[in-house]
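Please open the model in your viewer, with the sequence panel alongside, and follow the stops below in order. Each stop says what to select next and then describes what is found there.

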Amino acid sequence: VVTAVEFESNTDLTLVGASVGDNNLAGMALEMVTTDIFGNERSEEYPYMGAFEGDIPLDRDPTDVEVDQPYVFSLDQNYPNPFNPATNIQFTLPETMEVRLDVYDVTGRHVMTLVNEQREAGVHTVVFDGAQLASGVYVYRIMAGNFVETRKLTLIK
(Lines give C-alpha, C1' and ligand atoms only; values in the text may rest on other atoms or scores of the structure.)
Protein backbone atom coordinates (compact mmCIF):
# COMPACT_ATOMS: atom_id res chain seq x y z
CA VAL A 1 0.00 0.00 0.00
CA VAL A 2 1.54 3.30 -1.11
CA THR A 3 0.63 6.17 1.19
CA ALA A 4 0.35 9.74 -0.10
CA VAL A 5 3.31 11.70 1.19
CA GLU A 6 2.81 15.23 2.52
CA PHE A 7 5.73 17.67 2.37
CA GLU A 8 6.08 21.16 3.83
CA SER A 9 6.36 22.58 0.28
CA ASN A 10 7.79 21.73 -3.14
CA THR A 11 11.16 23.03 -2.00
CA ASP A 12 11.07 22.00 1.69
CA LEU A 13 10.89 18.21 1.78
CA THR A 14 10.20 18.02 5.51
CA LEU A 15 7.43 15.52 6.16
CA VAL A 16 4.21 17.00 7.61
CA GLY A 17 0.73 15.89 8.57
CA ALA A 18 -0.04 12.18 8.48
CA SER A 19 3.34 11.51 6.80
CA VAL A 20 5.22 12.14 10.04
CA GLY A 21 5.67 8.82 11.80
CA ASP A 22 3.91 6.82 9.06
CA ASN A 23 5.56 3.39 9.13
CA ASN A 24 4.41 2.74 5.56
CA LEU A 25 6.91 5.39 4.40
CA ALA A 26 9.87 3.85 6.21
CA GLY A 27 12.11 1.88 3.89
CA MET A 28 9.83 2.32 0.89
CA ALA A 29 11.27 0.41 -2.06
CA LEU A 30 12.43 2.70 -4.85
CA GLU A 31 10.31 0.74 -7.33
CA MET A 32 7.22 1.96 -5.46
CA VAL A 33 8.11 5.62 -5.98
CA THR A 34 6.77 6.31 -9.46
CA THR A 35 6.64 10.12 -9.36
CA ASP A 36 8.78 12.95 -8.09
CA ILE A 37 7.52 15.58 -5.62
CA PHE A 38 5.86 17.47 -8.48
CA GLY A 39 3.90 14.43 -9.65
CA ASN A 40 6.03 13.92 -12.78
CA GLU A 41 6.54 10.28 -13.81
CA ARG A 42 9.96 8.79 -13.17
CA SER A 43 11.74 6.96 -15.95
CA GLU A 44 11.31 3.18 -15.79
CA GLU A 45 14.83 2.78 -17.17
CA TYR A 46 16.42 5.17 -14.63
CA PRO A 47 14.01 5.23 -11.65
CA TYR A 48 16.73 6.34 -9.24
CA MET A 49 17.03 9.68 -11.06
CA GLY A 50 14.79 12.74 -10.85
CA ALA A 51 11.85 12.97 -13.24
CA PHE A 52 13.65 15.31 -15.62
CA GLU A 53 16.88 13.27 -15.55
CA GLY A 54 15.41 9.97 -16.70
CA ASP A 55 16.42 10.41 -20.33
CA ILE A 56 20.06 11.07 -19.46
CA PRO A 57 22.02 7.79 -19.57
CA LEU A 58 24.87 7.28 -17.13
CA ASP A 59 28.39 6.36 -18.24
CA ARG A 60 28.46 3.50 -15.72
CA ASP A 61 26.15 1.13 -13.94
CA PRO A 62 24.77 3.06 -10.92
CA THR A 63 24.97 -0.08 -8.81
CA ASP A 64 28.76 -0.21 -9.19
CA VAL A 65 30.47 0.92 -6.04
CA GLU A 66 33.61 2.92 -6.56
CA VAL A 67 36.08 3.80 -3.87
CA ASP A 68 37.26 7.34 -4.43
CA GLN A 69 41.01 7.65 -4.64
CA PRO A 70 42.28 10.78 -2.93
CA TYR A 71 43.78 13.22 -5.40
CA VAL A 72 45.25 15.95 -3.22
CA PHE A 73 47.36 16.26 -0.12
CA SER A 74 45.57 17.43 3.01
CA LEU A 75 46.15 17.75 6.71
CA ASP A 76 42.90 18.07 8.63
CA GLN A 77 42.29 19.85 11.91
CA ASN A 78 42.61 17.42 14.78
CA TYR A 79 39.46 16.23 16.53
CA PRO A 80 38.45 16.69 19.19
CA ASN A 81 40.12 20.04 19.74
CA PRO A 82 40.67 21.01 22.51
CA PHE A 83 41.37 17.49 23.78
CA ASN A 84 42.32 15.50 26.87
CA PRO A 85 44.30 13.29 26.72
CA ALA A 86 44.08 11.99 23.11
CA THR A 87 43.06 13.41 19.74
CA ASN A 88 42.90 12.20 16.13
CA ILE A 89 44.96 13.71 13.33
CA GLN A 90 43.87 12.83 9.80
CA PHE A 91 45.80 13.36 6.57
CA THR A 92 45.35 12.37 2.94
CA LEU A 93 48.01 11.27 0.45
CA PRO A 94 47.48 11.10 -3.32
CA GLU A 95 50.21 8.46 -3.72
CA THR A 96 52.44 6.16 -1.69
CA MET A 97 55.31 8.12 -0.14
CA GLU A 98 57.48 8.82 2.87
CA VAL A 99 55.56 10.78 5.52
CA ARG A 100 56.74 12.52 8.65
CA LEU A 101 54.26 13.89 11.19
CA ASP A 102 55.75 15.74 14.16
CA VAL A 103 54.40 17.62 17.19
CA TYR A 104 56.09 20.75 18.56
CA ASP A 105 55.41 23.00 21.53
CA VAL A 106 54.77 26.72 20.94
CA THR A 107 58.47 27.52 21.42
CA GLY A 108 59.31 25.23 18.49
CA ARG A 109 60.78 22.43 20.60
CA HIS A 110 60.20 18.99 19.06
CA VAL A 111 57.87 17.01 21.35
CA MET A 112 57.10 13.81 19.47
CA THR A 113 57.20 12.10 16.07
CA LEU A 114 53.87 10.43 15.29
CA VAL A 115 54.69 9.07 11.82
CA ASN A 116 58.02 8.55 10.10
CA GLU A 117 57.50 5.91 7.44
CA GLN A 118 56.18 5.18 4.00
CA ARG A 119 52.37 5.28 3.79
CA GLU A 120 50.02 4.15 1.04
CA ALA A 121 47.82 6.58 -0.89
CA GLY A 122 44.58 7.26 0.96
CA VAL A 123 43.20 8.73 4.15
CA HIS A 124 45.12 8.03 7.36
CA THR A 125 44.25 8.75 10.99
CA VAL A 126 46.86 8.90 13.74
CA VAL A 127 46.06 9.11 17.44
CA PHE A 128 48.12 11.65 19.39
CA ASP A 129 48.21 10.88 23.11
CA GLY A 130 49.17 13.94 25.14
CA ALA A 131 48.75 12.30 28.55
CA GLN A 132 52.41 12.93 29.44
CA LEU A 133 52.38 16.56 28.30
CA ALA A 134 51.38 19.78 30.03
CA SER A 135 48.25 21.68 29.06
CA GLY A 136 48.86 24.16 26.28
CA VAL A 137 48.93 24.88 22.58
CA TYR A 138 50.98 22.58 20.38
CA VAL A 139 51.70 22.51 16.66
CA TYR A 140 51.67 19.46 14.39
CA ARG A 141 53.39 19.44 11.01
CA ILE A 142 53.30 16.98 8.14
CA MET A 143 56.00 16.61 5.51
CA ALA A 144 55.25 14.33 2.57
CA GLY A 145 57.19 14.91 -0.63
CA ASN A 146 56.97 18.65 -1.31
CA PHE A 147 53.82 18.97 0.80
CA VAL A 148 54.33 20.66 4.18
CA GLU A 149 51.48 21.89 6.34
CA THR A 150 51.14 22.91 9.98
CA ARG A 151 48.14 23.17 12.32
CA LYS A 152 47.59 24.00 15.99
CA LEU A 153 46.02 21.80 18.66
CA THR A 154 45.13 22.52 22.27
CA LEU A 155 45.61 20.13 25.17
CA ILE A 156 43.51 20.95 28.24
CA LYS A 157 43.88 18.88 31.40
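Select glutamate 117 to begin; at 37% relative accessibility, it counts as partly exposed, since a residue is called buried under 20% and exposed over 50%. This is a predicted model, and in it glutamate 117 forms a salt bridge with arginine 119, whose closest N and O atoms are 2.7 Å apart. Arginine 119, the other member of that pair, is buried, with a relative accessible area of 18%.

Keep the view here and add glutamine 118, whose place is in strand E4. Is glutamine 118 buried or exposed? With a relative accessibility of 52%, glutamine 118 counts as exposed. Apart from its neighbours within four places in sequence, glutamine 118 is in contact with Thr96, Met97 and Glu98. Draw a distance from the C-alpha of glutamine 118 to that of valine 99, and you should find 5.8 Å, although the two are 19 residues apart in sequence.

Now select strand E3, residues 97-105, where seven of the nine residues are buried, so that the strand is largely enclosed by the rest of the structure. On one pairing, E3 meets strand E4, residues 110-119, in the antiparallel sense over eight bridges, and within it valine 103 stands opposite methionine 112 in E4. The hairpin of E3 and E4 has four residues between the strands, and glycine 108 there takes a positive phi near 95 degrees. E3 also runs antiparallel to strand E6, residues 136-144, to which seven bridges join it; in this pairing leucine 101 stands opposite isoleucine 142 in E6.

While E3 is on screen, look at its charged residues. Arginine 100 forms a salt bridge with aspartate 102, the closest N and O atoms being 2.7 Å apart; arginine 100 is partly exposed, with a relative accessible area of 27%, whereas aspartate 102 counts as buried at 1% relative accessibility. Next select aspartate 105 and arginine 109, which form a salt bridge with 3.1 Å between the closest N and O atoms. Here aspartate 105 is buried, with a relative accessible area of 13%, while arginine 109, at 54% relative accessibility, counts as exposed. In total, the structure holds four salt bridges.

Return to valine 99 and show its surroundings. Which residues does valine 99 touch, not counting those up to four places away in sequence? They are Phe91, Leu93, Val115, Asn116, Glu117, Arg119, Ile142, Met143 and Ala144.

From there, widen the selection to the largest nonpolar core, which has 21 residues, those with the most contacts inside it being Ile89, Phe91, Val99, Leu101, Leu114 and Phe128. Two or more residues of this core come from each of E2, E3, E4, E5, E6 and strand E7, residues 147-155. As a general background, nonpolar side chains tend to be buried together in soluble globular proteins.

The next stop is an open sheet of three strands, in the order E1-E2-E5 and with antiparallel pairing. Strand E1 (74-75) and strand E5 (122-129) stand at the edges with a single partner strand each, so one side of each is left without a neighbour in the sheet. Select strand E2, residues 86-93, together with E5, and follow their antiparallel pairing over eight bridges; phenylalanine 91 has histidine 124 in E5 as its bridge partner.

Then select the rings of phenylalanine 73 and phenylalanine 147, a stacked aromatic pair with 4.9 Å from centre to centre and 5 degrees between the planes. The pair links distant parts of the chain, as phenylalanine 73 lies in the segment before E1 and phenylalanine 147 in strand E7, 74 residues apart. Phenylalanine 73 is partly exposed, with a relative accessible area of 27%, whereas phenylalanine 147 counts as buried at 15% relative accessibility.

Finally, zoom out to the whole protein chain, whose secondary structure comes to zero helices and seven strands. Buried residues make up 27% of its 157 residues, and the accessible surface comes to about 10400 Å², of which 51% belongs to carbon and sulfur atoms. Among contacts between residues at least 6 apart in sequence, 48% join residues at least 24 apart.

Definitions and conventions. Residues numbered from 1 in each chain as written. Predicted model: local features only at pLDDT ≥ 70, side-chain atom pairs only at ≥ 80, totals over all residues. Heavy atoms only, no water. Pairing = 2+ DSSP bridges. Buried < 20%, exposed > 50% of the residue type's maximum accessible area, 1.4 Å probe, protein only. Contact = heavy atoms within 4.5 Å. Areas by Shrake-Rupley, 256 points an atom, 1.4 Å probe, with all protein chains shown as cover. Core = buried A, V, L, I, M, F, W, Y, C linked by side-chain atoms within 4.5 Å. Phe/Tyr/Trp six-rings, centres within 6.5 Å; stacked < 30°, edge-to-face > 60°. Salt bridge = Lys/Arg side-chain N within 4 Å of Asp/Glu carboxyl O.
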